[in-house]
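Student: Please take one buried position and go through it closely. Then work outward from there to other parts of the model, and say at each step what the numbers rest on.

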Amino acid sequence: MSHTNIDIKKIRKDFPILSRKVNGKPLVYLDNAATSQTPQQVIDVIVDYYQNYNANIHRGVHSLSQEATDAYEEAREKIRTHFNAKHKEEIIFTSGTTHGINLVANGFSNLLKKGDEVLVSALEHHSNIVPWQMLCEKSGAKLKVIPMTPQGELDKLAFAELFSENTKLVFVNHVSNALGTVNPIQEIIAKAREVGAAVLIDGAQAAPHIKADVQALDVDFYVVSAHKICGPTGVGVLYGKKEWLEKLPPYQGGGEMIDQVSFEKTTYAGLPHKFEAGTPNICGGIAFGAALDYMNAIGFEAIAEYEYELLKYATQQLLEIEGLKIYGTSADKTAVISFNIEGIHPYDIGTIVDKLGVAVRTGHHCAQPIMDYFKIPGTVRASFSFYNTKEEVDVLVESVKKAKMMLS
Ligand SMILES: *Cc1c(COP(=O)(O)O)cnc(C)c1O
């Protein structure tokens, strides 16, 4: 893989955790779809914040508060640039993707009525199903599901027919965390435009691999978590078109989100503060900005190219194991391989490969409807990042072979 622009030796040195051992073996971390590892550059930013300018933001006149506010707002600007949002106030800091989705779902509960329809895809994470079910219960709107095909793709013929003038909202993930499928969000957004529906794209799983341009996509809402893009846990971003964010009511009440407060009436602060009640994850926001700097310095094109090579190689090698089946075989997928071996429970494979230092995820991956579709309890999921190597793929394959031998 020397033709790619990834300097893998240098990159791996940036991630201290990658040189540790697990159960006496070198760690092979292949659970990147659950959370990514953190480079030293981002860890340094976190340490620097607590060592040198930890303070509450936006309120203080003192210097520390000013420094923290400036760094936090600089991070917001970095995130705006990264996703190419038009306005800085369209970037709302959240605690993560789940928070962003709930904020929007809650905001729509008074805007929908009986007879309205909400579309979700069959490939969703639970965090992009349950909030909409709650919204539909509250508003009387109907939840409809875009079905999937055996390849783990959205059924394009079916989805065109599901749109009607009753469709008010559409929710789809950009990339499925369980299968890695890249969904045709451009087509979905175009279809939604025809009927005047708003679209929320869950970008949690796409963000580590694909740089989304929210203006080019013409998407209404796009949500991500920092911890899947080399940042810390507990922070994320909701992008929303200004017109929508102005229309939606605040999600939580508290400090920071108000303009004037009296017991008779409270007026709300302008964007983005209307949606940012309370003291935010200041350090997390700043570190999120640093994580994007880190990834952009490597470059998303180089990352995509390198990960595609890893995916191709791992797919070939794994398929040589007899009885192994891969779920999610779309031509357009990120570096995620969900698989099972005939007659063996995924959990047992996960447990044995962990003894060999290999971290994979087993289970339903918060996407039970997908598992139901394939009539399986779950899968083993190996998900790759730009800091993984071909040698690590070899360790995975050898470990899975050993597990198969021990279990069959
Ligand atoms: C991880 C993930 C989420 C949830 O993200 P949180 O950080 O747990 O809020 C939602 N959707 C997809 C597709 C994900 O991969």
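Tutor: Ser-65 has a relative accessible area of 0%, so it counts as buried. The cut-off for that word is a relative accessible area under 20%. Keep in mind that this is a predicted model. Ser-65 sits in helix H3, which runs over residues 63–83. Along the chain Ser-65 is 12 residues from Tyr-53, and the C-alpha atoms of the two are separated by 7.6 Å.

Tyr-53 leads to helix H2, residues 40–53. This helix has 14 residues, and from the first C-alpha to the last it reaches 19 Å, close to the 20 Å expected at 1.5 Å a residue. Which residues of H2 are buried? They are Val-42, Tyr-49 and Tyr-53. Viewed down the axis of H2, these buried residues fall within an arc of 60°, which means that they line one face of the helix. Tyr-50 and Gln-51 are exposed, and they are on the face of H2 turned away from the buried side. Tyr-49 is thus on the buried list, while Tyr-50 is on the exposed one.

Helix H7, residues 185–195, can be read in the same manner. Its buried residues include Ile-185 and Ile-188, along with Ile-189 and Ala-192. Down the axis of H7 the buried residues fall within an arc of 100°, so they too line one face of their helix. Gln-186 and Glu-194 are exposed on the other side of H7.

Back at H3, the loop between that helix and strand E4 (91–94) holds Asn-84. Asn-84 has a phi near 55°, a positive value in a residue other than glycine. Its relative accessibility is 29%, and Asn-84 therefore counts as partly exposed. Cys-366 also has a phi near 55°, positive in a residue that is not glycine. Cys-366 belongs to the loop between E16 and helix H13 (368–374). With a relative accessible area of 33%, Cys-366 is partly exposed.

Strand E16 (361–363) also borders another loop, the one that begins after strand E15 (358–359) and holds Val-360. Is Val-360 buried or exposed? At 16% relative accessibility it counts as buried, because the limit is under 20%. Val-360 and Gly-284 are 76 residues apart in sequence, and their C-alpha atoms are 26 Å apart in space.

The loop between strand E12 (266–268) and helix H10 (282–298) contains Pro-272. The peptide bond that joins Leu-271 and Pro-272 is cis, with omega about 0°. Phe-275 also lies in the loop between E12 and H10. Phe-275 has a relative accessible area of 6%, so this residue is buried although it is in a loop. From Phe-275 to Thr-379 there are 104 residues in sequence and 37 Å in space, C-alpha to C-alpha.

Glu-392 is a buried residue in a helix, namely H14 (residues 390–407). Its relative accessibility is 6%, so Glu-392 counts as buried. The side chain of Glu-392 has a polar contact with the side chain of Asn-388, at 2.9 Å.

Last, the ligand. Among the residues around it are Thr-97, Thr-98, His-125, Ser-127, Asn-177 and Asp-202. The others named there include Ala-204, Gln-205, Ser-225, His-227 and Lys-228. By class, this shell has 1 nonpolar, 8 polar and 2 charged residues. Three side chains give distances to the ligand worth checking on screen. In Thr-98, an N or O atom of the side chain is 2.6 Å from an oxygen atom of the ligand. For Asp-202, a side-chain N or O atom is 2.5 Å from a nitrogen atom of the ligand. In Gln-205, a polar side-chain atom lies 2.5 Å from a ligand oxygen atom. Of the 390 Å² of accessible area that the ligand has on its own, the protein covers 86%.

Terms used: Residues are numbered from 1 along each chain as its sequence is written. This is a predicted model: local features need pLDDT of at least 70, side-chain atom pairs count only at pLDDT 80 or more; totals for chains, interfaces and linings use all residues. Side-chain values use heavy atoms; hydrogens and water are left out. A residue is near a molecule or strand if one of its heavy atoms lies within 4 Å of it. A polar contact is a pair of N or O atoms within 3.5 Å; within protein, one must be able to donate a hydrogen and the other to accept it, and residues adjacent in sequence count only if both atoms are side-chain atoms. Accessible areas come from the Shrake-Rupley method with a 1.4 Å probe; for residues, only the protein chains shown count as cover. Ala, Val, Leu, Ile, Met, Phe, Trp, Tyr, Cys and Pro count as nonpolar, Asp, Glu, Lys and Arg as charged, and the others, Gly among them, as polar. Helices (H or I, at least four residues) and strands (E, at least two) are DSSP runs, numbered from the N terminus. The expected span of a helix is 1.5 Å times one less than its number of residues. Buried means under 20% relative accessible area, exposed over 50%, partly exposed in between (1.4 Å probe, protein chains only). The arc is that of the directions from the helix axis to the C-beta atoms.
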